[in-house]
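Biologist: Could you take a close look at one charged side chain in this protein, and then set its surroundings against the rest of the chain? I would like a connected account rather than a list.

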Amino acid sequence: MVRYNDELIGSMALNTATMKRLNRGFTLIELMIVVAIIGILASLATSAYQTYTIRGQVSEGVLMAAGAKTPVVDAYLNDGVAPADRIAAGMSANATDTRGSYVSQVAINDGRIEITFGNMANQEINGETMFMTPYETDGNTFVWRCGQAGVPANGNLLNGGSDHGTGGSVEGRYLPSVCRQ
(Lines give C-alpha, C1' and ligand atoms only; values in the text may rest on other atoms or scores of the structure.)
Protein backbone atom coordinates (compact mmCIF):
# COMPACT_ATOMS: atom_id res chain seq x y z
CA MET A 1 0.00 0.00 0.00
CA VAL A 2 2.92 2.30 0.48
CA ARG A 3 3.71 1.90 -3.15
CA TYR A 4 0.22 3.02 -4.02
CA ASN A 5 0.57 6.13 -1.89
CA ASP A 6 3.94 6.93 -3.46
CA GLU A 7 2.42 6.68 -6.92
CA LEU A 8 -0.50 8.80 -5.80
CA ILE A 9 1.79 11.45 -4.30
CA GLY A 10 4.00 11.44 -7.38
CA SER A 11 0.98 11.74 -9.66
CA MET A 12 -0.37 14.65 -7.65
CA ALA A 13 2.97 16.45 -7.86
CA LEU A 14 3.06 15.99 -11.59
CA ASN A 15 -0.50 17.27 -11.98
CA THR A 16 0.21 20.29 -9.78
CA ALA A 17 3.29 21.20 -11.85
CA THR A 18 1.31 20.78 -15.07
CA MET A 19 -1.56 22.89 -13.72
CA LYS A 20 0.81 25.67 -12.69
CA ARG A 21 2.23 25.68 -16.18
CA LEU A 22 -1.25 25.80 -17.78
CA ASN A 23 -2.61 28.59 -15.57
CA ARG A 24 0.10 31.15 -16.21
CA GLY A 25 -2.16 33.29 -18.53
CA PHE A 26 -1.33 35.01 -21.78
CA THR A 27 2.01 36.41 -22.81
CA LEU A 28 2.41 40.04 -23.72
CA ILE A 29 2.90 39.15 -27.39
CA GLU A 30 -0.36 37.18 -27.47
CA LEU A 31 -2.24 40.11 -25.95
CA MET A 32 -0.67 42.57 -28.41
CA ILE A 33 -1.73 40.38 -31.35
CA VAL A 34 -5.31 40.27 -30.08
CA VAL A 35 -5.37 44.06 -29.61
CA ALA A 36 -3.99 44.57 -33.14
CA ILE A 37 -6.65 42.30 -34.64
CA ILE A 38 -9.40 44.11 -32.76
CA GLY A 39 -8.02 47.45 -33.99
CA ILE A 40 -8.02 46.31 -37.62
CA LEU A 41 -11.58 45.00 -37.36
CA ALA A 42 -12.73 48.24 -35.71
CA SER A 43 -11.20 50.38 -38.47
CA LEU A 44 -12.91 48.28 -41.14
CA ALA A 45 -16.24 48.51 -39.34
CA THR A 46 -15.91 52.29 -38.97
CA SER A 47 -15.19 52.72 -42.68
CA ALA A 48 -18.12 50.52 -43.66
CA TYR A 49 -20.43 52.41 -41.30
CA GLN A 50 -19.35 55.77 -42.72
CA THR A 51 -20.09 54.57 -46.27
CA TYR A 52 -23.48 53.27 -45.10
CA THR A 53 -24.27 56.62 -43.46
CA ILE A 54 -23.34 58.61 -46.57
CA ARG A 55 -25.47 56.32 -48.74
CA GLY A 56 -28.38 57.12 -46.47
CA GLN A 57 -27.75 60.82 -46.99
CA VAL A 58 -27.59 60.35 -50.77
CA SER A 59 -30.89 58.47 -50.67
CA GLU A 60 -32.48 61.64 -49.28
CA GLY A 61 -31.41 63.30 -52.53
CA VAL A 62 -33.14 60.59 -54.54
CA LEU A 63 -36.32 61.15 -52.52
CA MET A 64 -36.10 64.92 -52.99
CA ALA A 65 -35.70 64.41 -56.75
CA ALA A 66 -38.80 62.20 -56.81
CA GLY A 67 -40.85 65.29 -55.99
CA ALA A 68 -39.48 67.05 -59.07
CA LYS A 69 -40.01 64.13 -61.50
CA THR A 70 -43.76 64.66 -61.88
CA PRO A 71 -43.53 68.39 -62.72
CA VAL A 72 -40.81 67.64 -65.31
CA VAL A 73 -42.88 64.92 -67.00
CA ASP A 74 -46.08 67.01 -66.84
CA ALA A 75 -44.33 70.00 -68.42
CA TYR A 76 -42.98 67.76 -71.18
CA LEU A 77 -46.39 66.23 -71.87
CA ASN A 78 -48.04 69.69 -71.96
CA ASP A 79 -45.40 71.55 -74.00
CA GLY A 80 -43.66 68.82 -75.99
CA VAL A 81 -40.22 69.81 -74.65
CA ALA A 82 -38.47 69.19 -71.38
CA PRO A 83 -38.66 72.17 -69.03
CA ALA A 84 -35.62 74.42 -69.16
CA ASP A 85 -35.76 75.24 -65.45
CA ARG A 86 -37.91 75.02 -62.32
CA ILE A 87 -40.27 77.76 -63.49
CA ALA A 88 -40.96 75.96 -66.78
CA ALA A 89 -41.70 72.82 -64.76
CA GLY A 90 -44.28 74.70 -62.69
CA MET A 91 -42.14 74.85 -59.57
CA SER A 92 -40.85 77.84 -57.62
CA ALA A 93 -37.95 79.70 -59.16
CA ASN A 94 -35.59 79.21 -56.24
CA ALA A 95 -33.70 75.87 -56.28
CA THR A 96 -33.15 76.13 -52.53
CA ASP A 97 -36.93 75.94 -51.97
CA THR A 98 -36.51 72.17 -52.28
CA ARG A 99 -34.04 71.18 -49.60
CA GLY A 100 -33.62 68.78 -46.72
CA SER A 101 -31.21 67.83 -43.98
CA TYR A 102 -28.54 66.71 -46.47
CA VAL A 103 -29.74 68.34 -49.71
CA SER A 104 -29.12 72.06 -50.16
CA GLN A 105 -31.03 72.46 -53.44
CA VAL A 106 -32.81 70.70 -56.29
CA ALA A 107 -32.52 72.45 -59.66
CA ILE A 108 -33.85 71.60 -63.13
CA ASN A 109 -31.73 72.11 -66.24
CA ASP A 110 -33.29 71.07 -69.58
CA GLY A 111 -35.39 68.44 -67.83
CA ARG A 112 -32.47 67.03 -65.86
CA ILE A 113 -32.89 67.14 -62.08
CA GLU A 114 -29.71 68.33 -60.37
CA ILE A 115 -29.39 67.54 -56.67
CA THR A 116 -26.73 69.40 -54.68
CA PHE A 117 -25.75 68.06 -51.26
CA GLY A 118 -25.04 70.39 -48.36
CA ASN A 119 -26.46 71.53 -45.03
CA MET A 120 -25.61 68.69 -42.60
CA ALA A 121 -24.24 66.34 -45.29
CA ASN A 122 -21.02 64.44 -44.62
CA GLN A 123 -17.92 66.28 -45.84
CA GLU A 124 -17.40 63.53 -48.46
CA ILE A 125 -20.54 64.66 -50.35
CA ASN A 126 -20.94 68.25 -49.17
CA GLY A 127 -21.13 70.44 -52.29
CA GLU A 128 -21.25 67.40 -54.61
CA THR A 129 -24.04 66.85 -57.15
CA MET A 130 -26.09 63.95 -58.48
CA PHE A 131 -28.17 64.14 -61.65
CA MET A 132 -31.35 62.37 -62.72
CA THR A 133 -31.95 62.55 -66.46
CA PRO A 134 -35.36 61.73 -68.00
CA TYR A 135 -35.76 59.43 -71.00
CA GLU A 136 -38.85 58.47 -72.96
CA THR A 137 -38.99 54.86 -74.10
CA ASP A 138 -40.52 53.50 -77.29
CA GLY A 139 -43.60 52.55 -75.26
CA ASN A 140 -44.15 56.22 -74.30
CA THR A 141 -43.15 55.64 -70.70
CA PHE A 142 -40.60 57.65 -68.79
CA VAL A 143 -37.48 56.25 -67.16
CA TRP A 144 -34.80 58.11 -65.26
CA ARG A 145 -31.05 57.72 -65.52
CA CYS A 146 -29.68 58.24 -62.04
CA GLY A 147 -26.05 59.07 -61.19
CA GLN A 148 -23.57 56.85 -63.02
CA ALA A 149 -26.12 54.34 -64.32
CA GLY A 150 -26.05 53.57 -68.03
CA VAL A 151 -28.40 55.02 -70.61
CA PRO A 152 -31.73 53.16 -70.51
CA ALA A 153 -32.38 50.67 -73.32
CA ASN A 154 -34.68 52.10 -76.00
CA GLY A 155 -34.58 55.43 -74.21
CA ASN A 156 -34.55 58.81 -75.92
CA LEU A 157 -33.81 62.05 -74.12
CA LEU A 158 -36.86 64.24 -73.81
CA ASN A 159 -35.41 67.01 -75.95
CA GLY A 160 -33.44 64.65 -78.16
CA GLY A 161 -30.27 66.38 -76.99
CA SER A 162 -27.43 65.17 -74.83
CA ASP A 163 -27.62 64.28 -71.16
CA HIS A 164 -24.54 66.39 -70.47
CA GLY A 165 -22.42 63.23 -70.27
CA THR A 166 -22.25 63.00 -66.49
CA GLY A 167 -24.26 61.71 -63.59
CA GLY A 168 -22.82 64.21 -61.14
CA SER A 169 -19.81 64.35 -58.88
CA VAL A 170 -20.86 62.00 -56.05
CA GLU A 171 -18.53 58.98 -55.89
CA GLY A 172 -20.04 55.73 -57.14
CA ARG A 173 -19.56 53.93 -53.83
CA TYR A 174 -22.00 56.35 -52.19
CA LEU A 175 -24.73 56.03 -54.82
CA PRO A 176 -27.72 53.70 -54.45
CA SER A 177 -27.33 50.49 -56.46
CA VAL A 178 -29.75 51.69 -59.17
CA CYS A 179 -27.54 54.74 -59.74
CA ARG A 180 -24.25 52.85 -60.23
CA GLN A 181 -22.85 51.41 -63.45
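Modeller: What follows begins with Glu136 and then moves outward to the charge pairs, the chain as a whole, the surface and the segment after strand 5. The model is a predicted one, and the values below are computed from it.

Glu136 lies in strand 3, which covers residues 129–137. Its side chain is buried and yet has no salt bridge, the nearest side chain of opposite charge being that of Lys69, 16 Å away. A salt bridge requires a side-chain nitrogen of Lys or Arg within 4 Å of a carboxyl oxygen of Asp or Glu, and at 16 Å Lys69 does not provide one for Glu136. What Glu136 does have is a polar contact of 3.0 Å, which joins its side chain to that of Tyr76. Tyr76 also appears among the residues that Glu136 touches once residues up to four places away in sequence are set aside, the others being Thr141, Phe142, Asn154, Gly155, Asn156 and Leu158.

Side chains of opposite charge can pair when their charged atoms come close. By the rule used here, the count of salt bridges comes to two. One of them links the side chains of Glu114 and Arg112, with an N to O distance of 2.4 Å, and both Glu114 and Arg112 are buried. The other pairing is between Arg173 and Glu171, whose closest N and O atoms are 3.0 Å apart. Arg173 counts as partly exposed because its relative accessible area is 40%, and Glu171 is likewise placed in the partly exposed class because its value is 38%.

As for the chain that holds these residues, the protein has two helices and five strands, and read along the sequence they follow the pattern α-α-β-β-β-β-β. Of its 181 residues, 34% count as buried. Among contacts with a separation of 6 or more, 47% come from residues 24 or more positions apart.

On the outside, the protein exposes about 11,200 Å², of which carbon and sulfur atoms supply 57%. A nonpolar patch on the surface is formed by Leu28, Ile29, Met32, Ile33, Ile37, Ile40, Leu41 and Leu44, which together have about 850 Å² of accessible area. One of these residues, Leu41, has its place in helix 2, residues 28–79, and Leu41 counts as exposed because its relative accessibility is 53%.

The segment after strand 5 (155–157) includes Asn159, which is partly exposed at 42% relative accessibility. The C-alpha atoms of Asn159 and Val81 are separated by 5.7 Å, although the two residues are 78 residues apart along the chain. With neighbours within four places in sequence left aside, Asn159 is in contact with Val81, Ala82 and Asp110.

Pro176 is also found in the segment after strand 5, and with a relative accessible area of 21% Pro176 is partly exposed. Its C-alpha atom and that of Gly56 are separated by 8.7 Å, with their positions 120 residues apart along the chain. Leaving aside neighbours within four places in sequence, the contacts of Pro176 are with Val58 and Val62.

Definitions and conventions. Residues are numbered from 1 along each chain as its sequence is written. This is a predicted model: local features need pLDDT of at least 70, side-chain atom pairs count only at pLDDT 80 or more; totals for chains, interfaces and linings use all residues. Side-chain values use heavy atoms; hydrogens and water are left out. Helices (H or I, at least four residues) and strands (E, at least two) are DSSP runs, numbered from the N terminus. Buried means under 20% relative accessible area, exposed over 50%, partly exposed in between (1.4 Å probe, protein chains only). Lys and Arg count as positive and Asp and Glu as negative; His and the chain ends are not counted. A polar contact is a pair of N or O atoms within 3.5 Å; within protein, one must be able to donate a hydrogen and the other to accept it, and residues adjacent in sequence count only if both atoms are side-chain atoms. Contact means heavy atoms within 4.5 Å. Patches are made of residues with over 30% relative accessible area and no salt bridge: like charges are joined within 9 Å, nonpolar side chains (Val, Leu, Ile, Met, Phe, Trp, Tyr) within 5 Å. Accessible areas come from the Shrake-Rupley method with a 1.4 Å probe; for residues, only the protein chains shown count as cover.
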